[in-house]
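Welcome! Please take a moment to look over the sequence and the model below, and then read on for a guided walk through them.

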Amino acid sequence: MKAALVYTSTTPELIELVEREVRKNIGEEAELLSLQDPGILQAVRDAGYVTAAAGAKLIGMYMDAIGQGADAILNICSSVGEVADAAQDAADYLGVPIVRIDEEMCREAVRMGSRIAVLATLPTTLAPTKNTVLRVARELGRHVTLVDGLIDGAFGLDQDRFRALLLEKALEMKGRADVILLAQGSMAYVEEYLTENTGIPTLSSPRFGAVELKKALARKGLL
């Protein structure tokens with residue numbers, strides 16, 4: 001059994017966290033194929049949206065993973081999550097599902113409350129995450145109000161400074177949000193910290209994505 005992890009940007013901490021969550025769910029014996037292209041996220045950041053070239057590169061990474069024998073793909077980057085949605089029909093036809101790391105997180109947030117704060121350090125991640133929340137809310141027949149939590153200047157900071165800025169922004173949400181979403185997987189290490197220090201339930205994507213990857217593999221009879 002082989003699972004492909006597709007990144008558009010990485011940190012050692014993000015890779016360690018994602019792989020730990022994935023192995024917890026699909027087992028130590030599974031082969032993990034890691035594909036990375038930070039140029040995709042950089043192009044999206046420069047343009048402010050997913051360009052045709054960036055989307056094509058990402059789809060090419062999916063096809064590369066399939067060519068290398070992947071049984072399922074976990075798309076790590078929320079900024080390009082809608083590319084994963086667009087590629088689903090082809091992936092399903094080829095028998096290799098693409099799982100978005102953040103979709104079930106968004107669905108769980110909608111189940112938990114109607115006022116949802118979305119924290120992100122990049123506007124290119126904030127907008128797609130909000131779009132996903134609104135889509136899954138429609139699917140669940142619920143109305144939600146979104147609260148923007150864009151933290152300018154936080155991308156790429158060390159963990160201590162990043163944690164402090166996130167907490168400051170999260171505290172602004174008290175009384176305005178029932179649940180906080182962390183739009184980027186790299187923010188996951190502050191999930192419990194924010195919950196404890198704000199009193200607002202906070203969700204991050206890697207643990208949800210890993211569970212959904214397990215389900216996708218189970219549907220294929222591989223688990």
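## A walk through the chain

Asp-64 is partly exposed, with a relative accessible area of 39%; here buried means under 20% relative accessible area, exposed means over 50%, and partly exposed is in between, using a 1.4 Å probe and protein chains only. This residue sits in helix H3, which covers residues 52-67. Asp-64 and Ala-4 are 60 residues apart in sequence, and their C-alpha atoms are 9.8 Å apart in space.

A few ground rules will help. This is a predicted model, in which local features need pLDDT of at least 70 and side-chain atom pairs count only at pLDDT 80 or more, while totals for chains, interfaces and linings use all residues. Residues are numbered from 1 along each chain as its sequence is written, and side-chain values use heavy atoms, with hydrogens and water left out.

Now for the whole chain. Its secondary structure comes to nine helices and eight strands; helices (H or I, at least four residues) and strands (E, at least two) are DSSP runs numbered from the N terminus. Along the principal axes, the C-alpha trace spans about 50 × 35 × 30 Å. How does the radius of gyration of the protein chain agree with that of a compact globule? For 223 residues such a globule would have a value near 17 Å, and the protein chain has 17 Å, so the two agree. The radius is taken over C-alpha atoms, and the globule rule is 2.2 Å times the number of residues to the power 0.38.

Of the 223 residues, 52% count as buried. The accessible surface of the protein chain is about 9,800 Å², and 50% of this belongs to carbon and sulfur atoms; such areas come from the Shrake-Rupley method with a 1.4 Å probe, and for residues only the protein chains shown count as cover. A contact means heavy atoms within 4.5 Å. Among contacts between residues at least 6 apart in sequence, 73% join residues at least 24 apart.

Let us visit three more residues, beginning with their places in the chain.

| Residue | Place | Relative accessible area |
|---|---|---|
| Thr-10 | loop between strand E1 (2-7) and helix H1 (12-26) | 31%, partly exposed |
| Glu-103 | helix H5 (residues 103-112) | 19%, buried |
| Val-147 | strand E6 (residues 145-150) | 8%, buried |

Which residues does Thr-10 touch, not counting residues up to four places away in sequence? They are Ile-15 and Gln-36. Gln-36 is 26 residues from Thr-10 along the chain, with 7.6 Å between the C-alpha atoms.

Glu-103, leaving aside its neighbours within four places in sequence, is in contact with Asp-85, Thr-132, Arg-135 and Val-136. The C-alpha atoms of Glu-103 and His-143 are separated by 17 Å, and these residues are 40 apart along the chain.

With residues up to four places away in sequence again not counted, Val-147 touches Ile-116, Ala-117, Val-118, Met-173 and Arg-176. Val-147 and Ala-177 are 30 residues apart along the chain, and their C-alpha atoms are separated by 7.3 Å.

Finally, the cysteines. A disulfide is a covalent bond between the sulfur atoms of two cysteines. The rule used here asks for a pair of cysteine sulfur atoms within 2.5 Å, and by it the count comes to zero disulfides. Why does Cys-77 form no such bond? The closest cysteine sulfur, in Cys-106, is 13 Å from the sulfur of Cys-77, so the gap is too far for a bond. Cys-77 counts as buried at 12% relative accessibility, and Cys-106 is buried too, with a relative accessible area of 0%.
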